[in-house]
Structures are given as structure tokens and as C-alpha cells.
Amino acid sequence: MIPDLDLSLERVIRASRTTLWSAWTDPSRLERWWVPAPTLCRVDRLDVRPGGAFVTRLSDDGVVFVPHVDACFLVVDELERIVFTNAIDSAWRPTNPAPLPMTAEITLSDHPDGTDYRIVVRHGDPAARVRHEELGFSTGWGRCTEQLARLAESEAAL
Amino acid sequence: MLQHEILSHVAQYSAQLDGLFVALADPTRRAVIRRLGRGPASVGDLAGEFPMTLPSFMKHVRTLESNGLIRTVKSGRVRTCVLNRERLALVDGWLAEQRRIWEERTDRLERFVTDPKESRQ
């Protein structure tokens with residue numbers, strides 16, 4: 001945990017680990033709580049294993065569904081732990097999602113009243129995003145200048 | 001409609017954040033922010049603390065000012081820089097926003113798994 005970048009939350013939920021696990025891993029159940037009503041959620045892919053795809057979509061009218069989460073599971077320990085990240089998408093392509101890439105770790109453990117449910121979300125460094133964008137900017141700018149120079153040279157030759 | 005509003009709000013917020021992160025991505029500019037955290041200072045005094053020419057330093061001041069992280073006020077021949085703490089809070093805001101999303105998501109999960117009607121399904 002890095003306090004300025006990460007968040008954690010912990011809650012005792014009066015339900016079994018099995019019930020919570022199925023709420024996370026059964027698409028028809030995940031759809032029921034993943035996004036706030038009245039927005040609808042559609043789970044496109046939920047391949048709950050390391051490297052598996054996690055893709056969800058959103059809709060306001062039940063007709064048009066727009067992209068929501070496109071992520072990849074890193075660790076899956078049956079009934080105990082799920083770790084996924086959106087820093088690489090469901091096709092394992094590195095991405096730079098807004099506001100920042102994150103890795104979410106969900107841990108389930110037994111508690112006398114049900115399940116001790118914990119989440120740690122680790123975020124990328126905002127400065128890293130900026131460095132990446134500045135690099136992109138300068139490359140684009142360089143190409144632009146090059147084209148301008150070529151144009152200027154060809155016109156000068158006329 | 002709702003979706004549209006949310007997306008345009010997110011786009012606006014995201015553009016503001018990008019500007020702020022660019023402004024904060026430079027060590028000199030971060031040092032200026034830290035220094036101004038202790039109180040307002042004149043451009044002249046600030047510039048004296050950094051090993052660069054005044055014109056180079058002024059570029060950093062203008063970047064900070066154009067992204068709203070600092071305000072400058074000219075009085076006579078002295079330009080004074082003041083930190084805009086509200087703007088800096090926007091940078092902290094993204095983490096609070098993520099926390100809110102995860103808290104609310106956990107509320108919904110909790111309701112879902114503890115609702116007797118749901119568990120029969």
C-alpha cells in the first residue's frame with residue numbers, strides 16, 4: 001500500500017464465502033450488483049482464471065451497451081482471492097485507462113459472522129501517465145515538424 | 001441522456017486532471033508547489049532557489065499558473081505567487097472518487113448476497 005496511490009476497504013459481510021464467490025464469478029449474478037441502478041450491466045466475458053478475460057458493458061436503455069471494464073485476471077484462488085488489472089486488457093494488450101491503471105485484489109476469509117471481505121486497489125503513478133503522454137506528444141510533434149520541413153523544402157524547390 | 005452527462009463530465013474532469021498531472025510532472029514545478037505550501041513568495045525569491053535563468057524559471061511559473069495550481073499577483077515591480085489549494089485538491093480527488101466507486105460497489109454486493117430473495121435464485 002502506498003497511501004497517496006492506493007485504497008483499501010474491509011467489511012464483514014453476513015454471507016458465506018461460497019455465496020460471495022458466486023456473486024463475483026457467475027455472470028448473471030455479477031451483472032446484478034457490478035454497476036449502480038438504473039444503469040444496466042452486461043458481462044461479455046468472465047473467464048475466472050489467471051490470464052482470463054474480464055469484460056463488462058453498460059447501458060442506460062437496455063439497447064445500446066457501451067464499453068465499461070476490459071481487464072485481465074492475474075490471480076484466482078478458488079473461494080479465497082481474485083486479483084485483476086486493467087493495465088492490460090482482455091487480449092493481454094498493455095493499456096493506459098483513465099484516470100489511472102489499477103490492480104484490484106479481493107480477499108475472502110472466514111469470520112464468525114460470515115465473511116471478512118477485503119479489497120486493496122493499487123493505482124499507477126500519475127507522473128508515469130504524464131511521462132508516457134509527454135513522450136507521445138513529443139514523438140507526434142517531431143513527426144509534424146518533419147512533415148512541415150519536407151513540405152517547406154519541396155515548395156522551396158519549385 | 002444520463003450516460004451522456006456522465007461521459008461528458010468524466011471527459012471534462014479527465015482533461016483537467018491531465019493538465020494538472022503535466023504541470024506536476026516536473027521536479028522544479030513540484031518544488032515550487034512545496035515551497036508555496038509554506039506561504040506566498042515573490043518570483044524573484046523563488047527563482048533564486050533554483051539553478052536556472054529567470055526566463056527558464058518563468059516558463060515553469062506560467063505552466064503552473066495556466067493550469068490553475070498557482071495564482072500570481074503583481075504589485076509594483078514585485079510579482080507574488082500564491083498556491084491554489086483547491087486546484088491541488090482536484091489531484092487528490094481522483095483517489096477519493098475511486099474509493100467512493102468501490103465503497104458503493106461493496107454496498108451493492110452486500111445487499112445482493114444478504115437479500116433472502118436473491119439467495120434463493
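1. Starting with chain A, and bearing in mind that this is a predicted model: L108(A) has Y117(A) as its bridge partner in strand 7 of chain A. That pair belongs to an antiparallel match between strand 6 and strand 7 (residues 114–123) of chain A, held over 10 bridges. The two strands make a hairpin, with two residues between them.

2. On its other pairing, strand 6 (residues 102–111) of chain A runs antiparallel to strand 5 (residues 81–85) of chain A, and five bridges join them. If you want a spot to click on, take T85(A), whose bridge partner in strand 6 of chain A is T103(A). One step further along, strand 5 of chain A is also joined by five bridges to strand 4 (residues 66–77) of chain A, again antiparallel. There, F73(A) has F84(A) of strand 5 as its bridge partner.

3. Now the whole sheet. Chain A has an open sheet of seven strands in the order 1-7-6-5-4-3-2, with antiparallel pairing. Which strands stand at the edges? They are strand 1 (7–13) and strand 2 (40–46) of chain A; each has a single partner strand, so one side of each is left without a neighbour in the sheet. On average, neighbouring strands of this sheet are turned by 20 degrees against each other, direction ignored. When you look at side chains here, keep in mind that in a regular strand they alternate between the two faces of the sheet.

4. Helix 1 (residues 17–25) of chain A lies across strands 1, 2, 5, 6 and 7 of chain A, and runs at about 155 degrees to strand 6. Its buried residues are L20(A), W21(A) and A23(A). Seen down the axis of helix 1 of chain A, these buried residues fall within an arc of 160 degrees, so they line one face of the helix.

5. A few backbone oddities in the loops of chain A are worth a look. The peptide bond from A37(A) to P38(A) is cis, with omega near 5 degrees. P38(A) sits in the loop between helix 2 (27–33) and strand 2 of chain A.

6. Then there are the positive phi values. L79(A), in the loop between strand 4 and strand 5 of chain A, has phi near 65 degrees, a positive value in a residue other than glycine. Is L79(A) partly exposed or buried? It counts as partly exposed, because it has 15 C-beta neighbours inside 10 Å, and being buried would take 20 or more. W92(A) also has a positive phi, near 65 degrees, and is likewise not a glycine. W92(A) is placed in the loop between strand 5 and strand 6 of chain A. With 9 other C-beta atoms within 10 Å, W92(A) is exposed.

7. On to chain B, which has six helices and three strands. Along the sequence the pattern reads α-α-β-α-α-β-β-α-α. Of the 121 residues in chain B, buried ones make up 16%. Taking contacts in chain B between residues at least 6 apart in sequence, 52% join residues at least 24 apart.

8. Where do nonpolar side chains tend to go in soluble globular proteins? They tend to be buried together. Here the largest nonpolar core has 15 residues, and those with the most contacts inside it are L20(B), A23(B), L36(B), L64(B), L69(B), I70(B) and C81(B). Helix 1, helix 2 (27–36), helix 4 (54–66) and strand 3 (78–83) of chain B each supply at least two residues of this core. The largest share, five residues, comes from helix 1 of chain B. Apart from this core lies another, of 14 residues, with L20(A), W34(A), C41(A) and L108(A) among them.

9. I70(B) is a handy residue to center on. Leaving out residues up to four places away in sequence, I70(B) touches L36(B), L64(B), E65(B), C81(B), V82(B), L83(B) and N84(B).

10. Last, the contact between the chains. It takes 24 residues from chain A and 22 residues from chain B. On the side of chain B that touches chain A, the elements giving two or more residues are helix 1 (2–24) and helix 5 (85–114) of chain B. Helix 5 of chain B brings the largest share of that side, 14 residues. By class, the same side of chain B has 11 nonpolar, six polar and five charged residues.

Key
Residues numbered from 1 in each chain as written. Chains lettered and ligands numbered in written order. Predicted model: local features only at pLDDT ≥ 70, side-chain atom pairs only at ≥ 80, totals over all residues. Pairing = 2+ DSSP bridges. Helix = DSSP H or I, 4+ residues; strand = E, 2+ residues; numbered from the N terminus. Contact = placed C-beta atoms within 7 Å. Nonpolar A, V, L, I, M, F, W, Y, C, P; charged D, E, K, R; others polar. Buried ≥ 20, exposed ≤ 12 C-beta atoms within 10 Å, placed from the backbone. Core = buried A, V, L, I, M, F, W, Y, C linked by C-beta atoms within 7 Å. Axes fitted to C-alpha atoms, helices over the stretch in contact; angles between N-to-C directions. Arc of directions from axis to C-beta.
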